[in-house]
Amino acid sequence: MSGPDLRRAAAARALDLVEDGMRLGIGTGSTANVFVELLGARVREGLKVTGVPTSEATRIAAERVGIPLATLEDLPELDLTIDGADEIDAAMRLVKGGGGALLREKIVAFASRRMVVIADAAKSVTTLGAFPLPVEVNSFGLGATRIAVGRAIESAGCAGDLVLRSGPGGSPFVTDGGHLILDAHLKVIADPERLSAALWAVPGVVEHGLFIGLATGAILAEARDGQAHITCLGAV
């Protein structure tokens, strides 16, 4: 069974959580894209929901399949956010931002009563850090910010290279908010809370990809005996 099959199984299970009239945060990434596709089909069948997308890419995808959309200015409080993750541990701490939408993803998740992660079970880890941690930074003073971020990482007991993310053509990747991303290749994040606090103390840091205390549940799909098996964590 392939990764796309597992993503579809997780997204389909998450669709069971969606009720008529809900205000939904809609995530970004490969698994969230499958959820958008399935949700669009339900909307065309008559389901009434309003979505708040976490990126311009998700907005475009949701509009394409006919999902009614709003902004957080229109709907400042959401019932449920469905989003993917690059890593998730047993405490439902996440690393997110591989797609570059971490700022909007975190704002939308924080505005939601519930956030449920959908992913294949390979994203479940004992210790966060194998996936590079995105740190969204202001372009002003990038050199100074990069040094400060490196020191913050060291102060939290971590070590690794900081790489400025590249976009198409090799130019720096620019987020929907107009910022840049430093990817921290740390391998192990022994104390995510400590690292989160250290990064937040750097003035040039706009957001980072550690999502702590935001996910209320997770739906993980894994292949067993040629079938997709679902494991639910937390409140799903």
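**Group meeting: two cores and a few odd residues**

Okay, let's start inside. The largest nonpolar core has 29 residues, and V18, F35 and L39 are the ones that touch the most other members. Who supplies this core? At least two residues each come from α1 (3-15), β1 (23-26), α2 (30-44), α3 (56-64), β3 (80-83), β6 (115-120) and β12 (217-224). Keep in mind, by the way, that this is a predicted model.

Let's stay with V18 for a second. Which residues does V18 touch, if we skip those up to four places away in sequence? Those are L24, F35, L39, L47 and V49. There's also a second, separate core, this one of 23 residues, and I153, L162, L180 and L210 are among them. As background, nonpolar side chains tend to be buried together in soluble globular proteins.

Now zoom out. The protein chain has six helices and 13 strands. Its radius of gyration is 18 Å, close to the 18 Å from the globule rule for 236 residues, so the chain is as compact as a globular protein of that length. The C-alpha trace spans about 55 × 40 × 35 Å along its principal axes. Buried residues account for 50% of the 236. And if you take contacts between residues at least 6 apart in sequence, 72% of them join residues at least 24 apart.

On the outside, the accessible surface is about 10,500 Å², with 53% of that belonging to carbon and sulfur atoms. For charge, we've got 22 positive and 28 negative side chains, and the centres of those two sets lie 1 Å apart.

Next, a couple of backbone oddities. Most residues other than glycine have a negative phi. M92 isn't a glycine, yet its phi is positive, about 60°. You'll find M92 in the loop between β4 (87-88) and β5 (94-95). D225 isn't a glycine either, and its phi is also positive, about 55°. That one sits in the loop between β12 and β13 (227-234).

So, buried or exposed: which is M92? M92 is buried, because its relative accessible area is 14% and the cut-off for buried is under 20%. D225, at 80%, is exposed.

Last stop, V174, in the loop between β8 (161-164) and β9 (180-185). At 49% relative accessibility, V174 counts as partly exposed, since exposed needs over 50%. Leaving out neighbours within four places in sequence, V174 contacts H179 and L180, and L180 is one of the residues in that second core.

Methods
Residues numbered from 1 in each chain as written. Predicted model: local features only at pLDDT ≥ 70, side-chain atom pairs only at ≥ 80, totals over all residues. Heavy atoms only, no water. Helix = DSSP H or I, 4+ residues; strand = E, 2+ residues; numbered from the N terminus. Rg over C-alpha atoms; globule rule 2.2 N^0.38 Å. Buried < 20%, exposed > 50% of the residue type's maximum accessible area, 1.4 Å probe, protein only. Contact = heavy atoms within 4.5 Å. Areas by Shrake-Rupley, 256 points an atom, 1.4 Å probe, with all protein chains shown as cover. Lys, Arg positive; Asp, Glu negative; His and termini not counted. Charge placed at Lys NZ, Arg CZ, Asp CG, Glu CD. Core = buried A, V, L, I, M, F, W, Y, C linked by side-chain atoms within 4.5 Å.
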